[in-house]
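Please open the structure in a viewer and keep the sequence panel visible. The tour below proposes a series of selections and describes what appears at each stop.

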Amino acid sequence: MKPAWRILIVGAICVAGLIAMVVRESAARASGTEILLAMEAVDPRALLQGHYVSIALRETREAPCPPTTAGPGAEGWVALQAGEGGVYHAVQGAGIPEEAETPGALLVRGGIDCLDNYDANGAPTNEPVVVGLDLGINAFYIAQDEALRIERILFEQNVGETRAYAIISVGRDHRARLKGLLVDGERLELNWN
């Protein structure tokens, strides 16, 4: 067989594999359990990557940090409990799924990073805590005007007020996949067009 034909065959196999991966991920995103998670954005633009909203899945709340045996930000498992308005909150984290399981909670692959507030003596205070989730989701690509609008909304948020949420799909494989954003009640979804 000529080298040119070999190159074409290898290229066709690579393209077919890429198409199969996109179709499989799209099907998993569409069939997963849809949840909302509170978010913050860091920077809506990158010079060489186009325009995007950089996502930090974080919430400030009154309750103490959720218990975790995996260590801060460690890869493992997180139990998410449904709250008011379909917004989910981390309630447990662990290195293995059996330790993270919580009755009525949705189990997802990822880690918890929580900042407790302590006084000068090392005792916990009654100040709110910041609970961050690392679910492998970090950016949402969008037009520049929309990215700037979302950035403005996120920086205007007050403590305890959430105006922007990440719309996440949790599949049967327990992986979180970004579907879009919910900003001031407006749903912005991933669009492959």
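The stops run from the whole chain to a sheet, a helix, a surface patch and a single residue.

**The whole chain**

Begin with the entire chain, bearing in mind that this is a predicted model. A cartoon display shows secondary structure that comes to three helices and twelve strands. Of the 193 residues in the chain, 36% are buried. If a surface is switched on, the accessible area comes to about 11400 Å², with 56% of it belonging to carbon and sulfur atoms. Among contacts with a separation of 6 or more, 60% are between residues 24 or more positions apart.

**The four-stranded sheet**

Next, select β1, β10, β11 and β12, which form an open sheet in that order, with antiparallel pairing. Its edge strands are β1, residues 33-38, and β12, residues 186-189, each of which pairs on one side only. On average, neighbouring strands of this sheet are turned by 30° against each other, direction ignored. In general, strands of a sheet pair through backbone hydrogen bonds.

Restrict the selection to β1 and to β10, residues 164-170: these two strands run antiparallel and are joined by six bridges. One position to highlight is Leu37, whose bridge partner in β10 is Ala166.

**The helix on the sheet**

Now add helix α1, residues 3-31, which packs on the sheet. The helix touches β1, β10 and β11, the last of these spanning residues 176-183. The direction of α1 makes about 60° with that of β11.

**A nonpolar patch**

Which residues make the nonpolar surface patch of about 590 Å²? Select Met1, Trp5, Leu8, Ile9 and Ile13 to display it. Met1 is found in the segment before α1. Met1 has a relative accessible area of 66% and therefore counts as exposed, the cut-off for that class being over 50%.

**Leu36 and its surroundings**

Finally, centre the view on Leu36, which has its place in strand β1. Is Leu36 buried or exposed? Its relative accessibility is 13%, so Leu36 counts as buried, since the limit for that class is under 20%. Show the residues around Leu36: leaving aside those up to four places away in sequence, Leu36 touches Gly85, Gly86, Val87, Tyr88, Tyr165, Ala166, Ile167 and Leu182. Ala166, the bridge partner of Leu37 in β10, thus appears again in this list. As a last step, select the C-alpha atoms of Leu36 and Gly180, which are separated by 9.8 Å although the two residues lie 144 residues apart along the chain.

Conventions:
Residues numbered from 1 in each chain as written. Predicted model: local features only at pLDDT ≥ 70, side-chain atom pairs only at ≥ 80, totals over all residues. Heavy atoms only, no water. Pairing = 2+ DSSP bridges. Axes fitted to C-alpha atoms, helices over the stretch in contact; angles between N-to-C directions. Contact = heavy atoms within 4.5 Å. Patch = residues over 30% accessible without salt bridge, like charges linked within 9 Å, V, L, I, M, F, W, Y side chains within 5 Å. Areas by Shrake-Rupley, 256 points an atom, 1.4 Å probe, with all protein chains shown as cover. Salt bridge = Lys/Arg side-chain N within 4 Å of Asp/Glu carboxyl O. Buried < 20%, exposed > 50% of the residue type's maximum accessible area, 1.4 Å probe, protein only.
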